[in-house]
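Got your viewer open and your mouse ready? Let's take a walk through this model, one selection at a time.

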Amino acid sequence: MTKKERIILFLLAALNFTNILDFMIMMPLGNFLMPHFKIGAQYFSVIVAAYPIASFASSVTAAFFVDKYDRKKVLLFAYIGFLVGTICCGIAPDAAFLMAARILTGLFGGLIGTQILSIVADTFDYEKRGRAMGAIFTAFSISSIFGVPFSLYLAKLISWHAPFLFIGIVGIIIIPMIIRFLPPMTKHLQNQTAERISPGEVFLELSKNKSQLLALTLSGFLMMGHFLIIPFINPYMEFNVGFTKDQTPLIYMVGGVFSLMASFVIGRMADKYGKLKIYLYSAGASLIPIFLITSMPAIPFYFVLCVFAVWFSFSTGRTIPAQAMISTVVNPEKRGLFMSFNASIQQLFTGLAALIAGAIVAKQPDGKILHYNWVGYLSVTIVFCTLFIAAKLAKRQGLK
């Protein structure tokens with residue numbers, strides 16, 4: 001890669017890091033926010049769900065017109081709005097204000113991810129695109145390895161406000177660098193046509209394509225199965241299992257390290273042995289740690305870290321081959337629109353997962369979480385169903 005390409009990739013990865021961290025940090029902050037605002041698990045789950053559901057709404061709406069503009073301008077517009085929402089989260093005086101701030105953040109955050117992926121596709125040739133995409137997605141692992149533990153450290157050292165303000169400060173530093181080093185992204189405008197397809201026609205065409213419907217179902221169920229258990233991991237580990245706020249950040253750090261290593265190994269294995277086979281093994285193996293996490297008794301902390309290392313690894317192992325199979329259901333000329341819908345479905349099911357988990361669990365006066373094992377059973381059931389959905393999708397697409 002050229003120096004210019006490396007700079008662009010670094011800036012996009014840094015921007016993606018702040019976007020992902022903003023979403024990820026809400027869930028482990030539960031054991032700070034619920035006592036501070038004196039809210040129950042249900043209200044907290046609604047606050048968590050506000051971001052992805054708002055993001056879903058903005059992504060679906062923007063999918064029909066966002067390609068008409070310079071991607072750099074759209075990205076800057078979305079990122080500035082996202083940072084305003086994040087900073088508002090950091091200064092929220094009450095739960096209602098925090099809810100409104102999460103909605104605002106989600107509305108703008110929904111535009112960021114698809115714009116980053118579109119810019120990568122426009123900037124990097126196909127021969128370089130795999131490495132470029134890999135660099136962008138390391139933001140997930142870095143958020144787990146560094147972002148979440150550091151943010152929880154700030155929350156414990158200062159207050160729960162600090163993580164959001166930290167993200168806002170980092171974002172403010174990134175903005176002038178994007179303006180300076182990211183060139184205008186107008187290449188896609190050269191191939192624009194006067195013909196316009198109405199949203200109704202797009203949805204009608206999608207409803208008739210069984211492969212695309214299977215792909216979206218697989219994508220949505222994967223996110224739901226994963227995010228059902230995440231919002232209440234920290235409260236459960238602290239109030240039920242008995243670990244401290246100093247210990248729980250290590251869960252995300254260790255999990256992120258193993259997730260990062262797994263992404264390289266499982267990606268190569270999927271190419272060598274077949275996407276479906278690796279998906280079935282990974283998804284099947286991920287069921288065991290889900291049971292252990294949601295029904296965990298008081299055990300030594302190093303056992304807990306081992307369980308989360310396995311879960312993070314196989315959760316990554318599910319996602320990589322699944323997204324590879326999903327990408328085959330649409331022609332290149334319509335891939336951008338479909339992937340926008342795919343991202344929207346992921347956001348919607350993430351939000352629904354938080355709402356469902358909040359409706360199932362209950363919080364006792366001492367902070368203990370009840371019925372978390374029920375959430376685990378539901379998560380296992382949903383992930384188990386994806387085995388059949390993935391097999392059916394692979395059969396329709398002629399994939400191995």
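Below is a short tour with a few stops, from the inside to the surface and back. Keep in mind as you click that this is a predicted model.

**Stop 1: the nonpolar core**

Start by selecting Y79, L218, M237, Y279, F308, W311 and Y372. These are the residues with the most contacts inside the largest nonpolar core, which has 120 residues. Next, colour helix α1, residues 3–26: this helix gives the most to that core, with 13 residues.

Now zoom in on F308. Which residues does F308 touch? Leaving aside residues up to four places away in sequence, show I233, M237, I251, G255 and I293, and you have its contacts.

**Stop 2: helix α10**

Two of those names, I233 and M237, lead us on to helix α10, where both are buried. Select residues 233–240 to see the whole helix. How many of its eight residues are buried? The count is six, so we can call α10 mostly covered, given that buried means under 20% relative accessible area. Besides I233 and M237, the buried ones are N234, P235, Y236 and E238. Before you leave, click on G242, just after α10: this glycine takes a positive phi of about 100 degrees.

**Stop 3: a patch on the surface**

Time to go outside. Turn on the surface and select F10, I169, I173, M177 and F181, which make a nonpolar patch of about 490 Å². Colour helix α7, residues 161–181, too, as this helix gives the most to the patch, with four residues.

Pick out I173, which sits in α7. Is I173 buried or exposed? Its relative accessibility is 51%, so I173 counts as exposed, because the cut-off for that word is over 50%.

**Stop 4: two serines that meet**

Hide the surface and select S59 in helix α3, residues 41–62, together with S344 in helix α14, residues 335–360. S59 has a relative accessible area of 5%, so it is buried. S344 is buried as well, at 1%.

Who are their neighbours, again not counting residues up to four places away in sequence? S344 touches F56, S59 and V60, while S59 touches G110, S344 and Q347. For a last click, show the side chains of S59 and Q347: they make a polar contact at 3.2 Å.

Notes. Residues are numbered from 1 along each chain as its sequence is written. This is a predicted model: local features need pLDDT of at least 70, side-chain atom pairs count only at pLDDT 80 or more; totals for chains, interfaces and linings use all residues. Side-chain values use heavy atoms; hydrogens and water are left out. Helices (H or I, at least four residues) and strands (E, at least two) are DSSP runs, numbered from the N terminus. Buried means under 20% relative accessible area, exposed over 50%, partly exposed in between (1.4 Å probe, protein chains only). Contact means heavy atoms within 4.5 Å. A nonpolar core is a set of buried Ala, Val, Leu, Ile, Met, Phe, Trp, Tyr and Cys residues joined through side-chain atoms within 4.5 Å. Patches are made of residues with over 30% relative accessible area and no salt bridge: like charges are joined within 9 Å, nonpolar side chains (Val, Leu, Ile, Met, Phe, Trp, Tyr) within 5 Å. Accessible areas come from the Shrake-Rupley method with a 1.4 Å probe; for residues, only the protein chains shown count as cover. A salt bridge is a side-chain nitrogen of Lys or Arg within 4 Å of a carboxyl oxygen of Asp or Glu. A polar contact is a pair of N or O atoms within 3.5 Å; within protein, one must be able to donate a hydrogen and the other to accept it, and residues adjacent in sequence count only if both atoms are side-chain atoms.
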